[in-house]
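I opened this notebook to record what I looked up in one structure, going from the whole chain to single side chains. The entries are kept in the order in which I made them.

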Amino acid sequence: MTSTKTPEPSAVRKRAMGSPPAQNDSEKTSSTALTPEQRKKIMRTVFFALLVDIFSFTIILPLFPRLLEYYKQNEASDPTSLFSWTLRQLDAFKALLGIRGTRLDVVLFGGALGSLFSLLQFAVSPHIGRLSDKLGRKRVLMLCMAGNLASCFLWIIAKPFWVFVASRVVGGLSEGNVQLSVAMISDVTTPETRSRGLALVGIAFALGFTFGPAVGAALASHDLTGHSAFLDSLGLNPYSASALLAFLLILAEIVYLHRSMPETLVRRIVPAAKPNTTTTITAAVPNTQTSSTRLGTLSSLHFAYLFLFSGLEFTLPFYTYDMFAYTNAQQGALLGFIGLVASAVQGGYTRRRGHAIGEEKIVVQGVTTCAVAFALIAANSGSGSAVTSTATAAGWSLWAAATLLAFTSATVVTCLMTLASLECRRSSDARAAAANAPIGDSEHEDGSGDDEGSAMGSFRAWGQLGRAIGPLVTCSAYWIVGARTTYAVGSVALFAVSLWVHRVGKGIARDRKAALGKKQ
């Protein structure tokens with residue numbers, strides 16, 4: 001089947017000039033028409049907004065144990081409370097694993113809430129991406145920000161445990177900032193600058209996770225309910241000061257984005273067939289199938305990596321507690337060190353050298369480094385939860401492993417996102433060519449634009465599923481077979497993922513060389 005239909009000359013000229021689609025998109029900006037300075041301004045806006053978002057998100061992390069202890073003191077004796085019901089389910093889970101005692105109850109509680117958040121993200125991420133393809137990135141981002149604001153407000157008045165859980169549910173269903181930031185950066189970058197742009201997401205994460213928890217811990221001593229009986233009557237809890245700060249930060253972010261961020265989703269200009277050239281529709285179909293298949297493979301890799309990494313990483317506080325009896329301050333220092341090193345690697349290596357070296361190669365480096373890190377920890381761990389090696393050797397291995405994990409944090413997810421984004425773009429272009437769309441118009445029949453937001457939402461969803469179940473599985477293994485076996489098996493599994501990435505990367509590198517050859 002062939003097609004030789006071409007658009008009217010006036011339509012061609014309008015689309016070639018980058019004019020917006022006729023669906024109320026007056027604010028849309030074509031990345032092909034942007035100057036380098038405009039692109040930099042958009043990416044700066046995305047970066048600062050995302051940094052504020054992650055900073056406010058991480059404020060709560062060091063407060064989980066104290067919040068849960070607060071709810072335990074106030075609601076554990078009430079058999080009708082949500083907290084008591086959850087505690088009974090936790091006891092049943094512990095009995096299934098053969099765990100005794102209550103020392104880790106709060107940690108298990110925190111892990112369960114974290115898994116709930118990630119499961120909600122797994123469910124909602126594809127829908128957020130799909131909406132952003134139809135309504136625009138900025139509009140959906142503002143809706144997500146409104147949900148985040150509501151989540152923070154619920155946290156402020158979360159005197160009962162069920163309100164706190166509700167705040168986490170609302171937050172999990174509305175947290176689309178990261179994937180939409182990735183989509184916005186992808187909208188205004190080229191394949192050559194994609195990894196450089198997306199590295200900003202990793203830098204924002206590293207900085208947010210470095211300073212957010214420290215601020216949250218500092219505010220933990222400021223109990224607003226002690227200043228006024230009126231505030232206590234509003235339903236505030238002892239840690240509402242941190243929630244109030246997060247609320248104000250999100251509110252400021254909403255105002256900043258509304259004033260500074262343009263819409264970035266537009267119809268892209270893709271080379272189309274010449275007017276008198278007969279194009280076979282089926283000729284482009286293999287390219288579409290290849291990109292879709294590879295995107296599915298990258299999603300599976302994303303899940304496998306985050307299942308292992310997030311699970312093993314989640315057990316590190318238990319390990320440092322058993323090994324060194326680390327305090328909260330020492331735990332914070334270790335996490336801060338990882339965050340600072342990761343920021344330096346993101347800015348100095350991933351962002352500057354990612355595309356030149358090849359994102360697939362950097363992913364292999366990062367996953368292999370992660371495997372070595374946990375192998376190092378396993379080698380200096382005892383056979384059970386109590387570690388028997390010398391404190392000096394184990395301490396050296398812990399900080400060496402932390403350095404390696406910082407490199408992993410700074411490379412793997414950023415480069416996987418870049419590879420997935422590039423595959424989304426290639427798949428979209430292939431579909432446009434297959435339909436013989438005029439001037440590469442990749443608009444769908446329903447009037448929506450590119451489906452990169454939806455595809456990247458699905459990619460992120462698989463990662464969130466790994467984050468949800470990884471800690472549950474790995475913590476269970478940690479308590480049943482001990483630290484050494486858990487980290488050793490995890491290290492071997494990470495080496496296997498590294499080999500898998502290497503195999504997939506060969507195909508990506510081969511296609512990249514073929515594309516460069518066609519351009520030349």
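The entries below cover the overall make-up, the core, the ring pairs, the salt bridges and a surface patch.

**Entry 1, the chain as a whole.** I note at the outset that this is a predicted model, so every value here is computed from predicted coordinates. I looked up the secondary structure and found 18 helices and two strands in the chain. Of its 520 residues, 51% count as buried, and the accessible surface comes to about 23,200 Å², with 64% of that area belonging to carbon and sulfur atoms. I then turned to the contacts with a separation of 6 or more, and found that residues 24 or more positions apart account for 85% of them.

**Entry 2, the nonpolar core.** Which residues have the most contacts inside the largest nonpolar core? I found 118 residues in this core, and those with the most contacts inside it are Trp155, Phe164, Phe374, Tyr487 and Leu494. The element that gives the most to this core is α16, with 14 residues. As a general background I keep in mind that nonpolar side chains tend to be buried together in soluble globular proteins. I picked Tyr487 and listed its contacts, leaving aside neighbours within four places in sequence: among them are Leu312, Leu316, Tyr319, Phe374, Ile377 and Tyr478. The list for Tyr487 also includes Thr315 and Ser381.

**Entry 3, aromatic pairs.** I counted 16 aromatic pairs in the chain. For Phe337 and Trp399 the ring centres are 5.2 Å apart and the planes stand at 70°, so I entered the pair as edge-to-face. Phe337 belongs to helix α14 (residues 328–357) and Trp399 to helix α16 (residues 391–434), so this pair ties together parts that are 62 residues apart in sequence. Both partners had to be checked for accessibility: Phe337 is partly exposed at 29%, and Trp399 is partly exposed at 32%. Next I looked at Tyr349 and Phe407, whose rings form a tilted pair with 5.9 Å from centre to centre and 35° between the planes. This pair, too, links distant parts of the chain, with Tyr349 in helix α14 and Phe407 in helix α16, 58 residues apart. Tyr349 is partly exposed, with a relative accessibility of 22%. Separately, I noted a cluster in which ring pairs link Tyr70, Tyr71, Phe83, Phe161 and Phe164; Phe164 is also one of the residues with the most contacts inside the largest core.

**Entry 4, Thr369 beside α16.** I looked up Thr369, which has its place in helix α15 (residues 359–379). Its relative accessible area is 15%, and because buried means under 20%, I count Thr369 as buried. Not counting residues up to four places away in sequence, Thr369 touches Leu404, Phe407 and Thr408. Thr369 and Leu404 are 35 residues apart in sequence, while their C-alpha atoms are 5.9 Å apart in space. Phe407 therefore appears twice in my notes, as a contact of Thr369 and as the ring partner of Tyr349.

**Entry 5, salt bridges.** How many salt bridges are there in the chain? I counted four. Glu423 and Arg294 meet in one of them, at 3.5 Å from N to O. Glu423 lies in helix α16 and Arg294 in helix α12 (residues 285–314), so the bridge ties together parts that are 129 residues apart in sequence. Glu423 is buried at 2% relative accessible area, and Arg294 is buried at 12%. I then followed the salt bridges that share partners and found that they join Asp133, Arg137 and Asp187 into one network. Within this network, Asp133 meets Arg137 at 2.9 Å, N to O, and Asp187 forms a salt bridge with Arg137, the closest N and O atoms being 2.9 Å apart. Asp187 lies in helix α8 (residues 177–187) and Arg137 in helix α6 (residues 137–156), so that pair ties together parts that are 50 residues apart in sequence. Is Arg137 buried or exposed? Arg137 counts as buried, at 0% relative accessibility, and Asp133 is buried at 4%.

**Entry 6, a surface patch.** Last, I noted a nonpolar surface patch of about 210 Å², made by Leu61, Phe205 and Phe209. Leu61 is found in the loop between α2 (36–58) and α3 (64–75), and is partly exposed, with a relative accessible area of 31%.

Methods
Residues are numbered from 1 along each chain as its sequence is written. This is a predicted model: local features need pLDDT of at least 70, side-chain atom pairs count only at pLDDT 80 or more; totals for chains, interfaces and linings use all residues. Side-chain values use heavy atoms; hydrogens and water are left out. Patches are made of residues with over 30% relative accessible area and no salt bridge: like charges are joined within 9 Å, nonpolar side chains (Val, Leu, Ile, Met, Phe, Trp, Tyr) within 5 Å. Accessible areas come from the Shrake-Rupley method with a 1.4 Å probe; for residues, only the protein chains shown count as cover. A salt bridge is a side-chain nitrogen of Lys or Arg within 4 Å of a carboxyl oxygen of Asp or Glu. Buried means under 20% relative accessible area, exposed over 50%, partly exposed in between (1.4 Å probe, protein chains only). Rings of Phe, Tyr and Trp (its six-membered ring) pair if their centres lie within 6.5 Å; planes under 30 degrees apart count as stacked, over 60 as edge-to-face and the rest as tilted. A nonpolar core is a set of buried Ala, Val, Leu, Ile, Met, Phe, Trp, Tyr and Cys residues joined through side-chain atoms within 4.5 Å. Contact means heavy atoms within 4.5 Å.
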